[in-house]
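Please look over the sequence and the model below. The report covers salt bridges and a pair of packed helices.

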Amino acid sequence: MPAVLVEQKNKTEGESFGRNNRIDSLDLLRGAAITYVMVYHLLYDLVNYEGVRIGFFGTDIFEFVHMFFIDVLIVVSGICSGFSHNVIKRGAELFLMGSILTIATDLFVQDTVFVFGALSFFGVMMMICGVCRPVLDKIDSRVLLAVSMLLYFITVDFDDGGTLHLLFTDVKLPLPEGTMYSYPIGIKPKGFFSADYFPLIPNGFLYLSGEALSGSVAKRKLPKFFYSKIKVPAVNFIGRHSLLFYILHQPVLLMIMFVI
């Protein structure tokens, strides 16, 4: 999750931005999404580990809000990756952090194991976009955005047994059950469980839609209000330091649950 810096998108495009220029609305959106994630995990821990009854948790409205904030986080992260010149290195670092988190949760909190969670997902997508950047830059951003969003809506339930939403019908693909290491792409082996799971299908397509928007954001082609000084200090602060908050919040919550 690179810093929301409006840097040079592509040297060949001739656009140059100061390293200290930030788009406050991106900080705000990402900060709001991370704040929601922290609240969600707090409620999840209370319900699953403390037996607290929370009536609205798990309802259709709650799940809609949940998906909204997760989608915002993925799209904004995709936009921000387009500003980074070290996206492969950053992606490798995030993937390493995600792998360490998987090992740590498997050793110490086996009921809350993180297998291919947010850090792993963002790390892999950043590396993919970094490697494919020369190709992605040659594709019209409007075409990339349209194709990415279309594929996302078709595969939005792919990790639920291979369901595809086509124009007039749904198709369920006959996915293999015994594939041990196919979970990163959304094909879960029998008995698979992860407390934090972000498969590449469909989430990778949503991330690519953010990547497609990054050029327009950097060139200030979005409506003017998007570039105004939109700030909620605490939320913007969380957005600027989203990686730190994401890494630390769940261990802190679990420690509190353990003490209680």
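## D24 and K229

D24 has a relative accessibility of 7%. Buried means under 20%, so D24 counts as buried. Its place is in helix α1. This is a predicted model.

The side chain of D24 meets that of K229 in a salt bridge, at 3.9 Å from N to O. K229 sits in the loop between α6 (200-218) and α7 (233-240). The two residues are 205 apart in sequence, so the pair ties together distant parts of the sequence. K229 is exposed, with a relative accessible area of 66%. The bridge thus joins a buried acid to an exposed base.

## The other salt bridges

How many salt bridges does the structure hold? There are three. Side chains of opposite charge can pair when their charged atoms come close.

E211 and R133 form one of them, with 3.2 Å from N to O. E211 belongs to helix α6, and R133 to helix α4 (residues 118-136). The pair therefore links parts that are 78 residues apart in sequence. Are E211 and R133 buried or exposed? Both are buried.

R142 and D140 form another. Their closest N and O atoms are 3.0 Å apart. R142 has 65% relative accessibility and counts as exposed. D140, at 33%, counts as partly exposed.

## How α1 and α2 cross

Helix α1 also packs against a helix partner. Two packed helices are described by the angle between their axes and the distance between the axes. Helix α1 covers residues 24-49, and helix α2 covers residues 60-81. Their axes come within 9 Å. They cross at roughly 140°.

Why is this pair called oblique? Angles over 145 degrees count as roughly antiparallel, and 65 to 115 as roughly perpendicular. The crossing of roughly 140° fits neither range, so α1 and α2 are oblique to each other. The crossing of α1 past α2 is left-handed.

## The α1–α2 contact

Which residues of α1 meet α2? They are L26, L29, R30, A32, A33, I34, Y36, V37, Y40 and L43. On the α2 side, the contact residues are F62, V65, H66, F69, I70, V72, L73, V76, I79 and C80.

By class, this contact has 18 nonpolar residues, one polar residue and one charged residue. The charged one is R30, in α1. The polar one is H66, in α2.

Technical notes: Residues are numbered from 1 along each chain as its sequence is written. This is a predicted model: local features need pLDDT of at least 70, side-chain atom pairs count only at pLDDT 80 or more; totals for chains, interfaces and linings use all residues. Side-chain values use heavy atoms; hydrogens and water are left out. Axes are lines fitted to C-alpha atoms, for helices over the stretch in contact, and angles run from 0 to 180 degrees between N-to-C directions. Helices (H or I, at least four residues) and strands (E, at least two) are DSSP runs, numbered from the N terminus. Angles under 35 degrees count as roughly parallel, over 145 as roughly antiparallel, 65 to 115 as roughly perpendicular and the rest as oblique. A crossing is left-handed if the near helix is turned anticlockwise from the far one by less than a right angle, and right-handed if clockwise. Contact means heavy atoms within 4.5 Å. A salt bridge is a side-chain nitrogen of Lys or Arg within 4 Å of a carboxyl oxygen of Asp or Glu. Buried means under 20% relative accessible area, exposed over 50%, partly exposed in between (1.4 Å probe, protein chains only).
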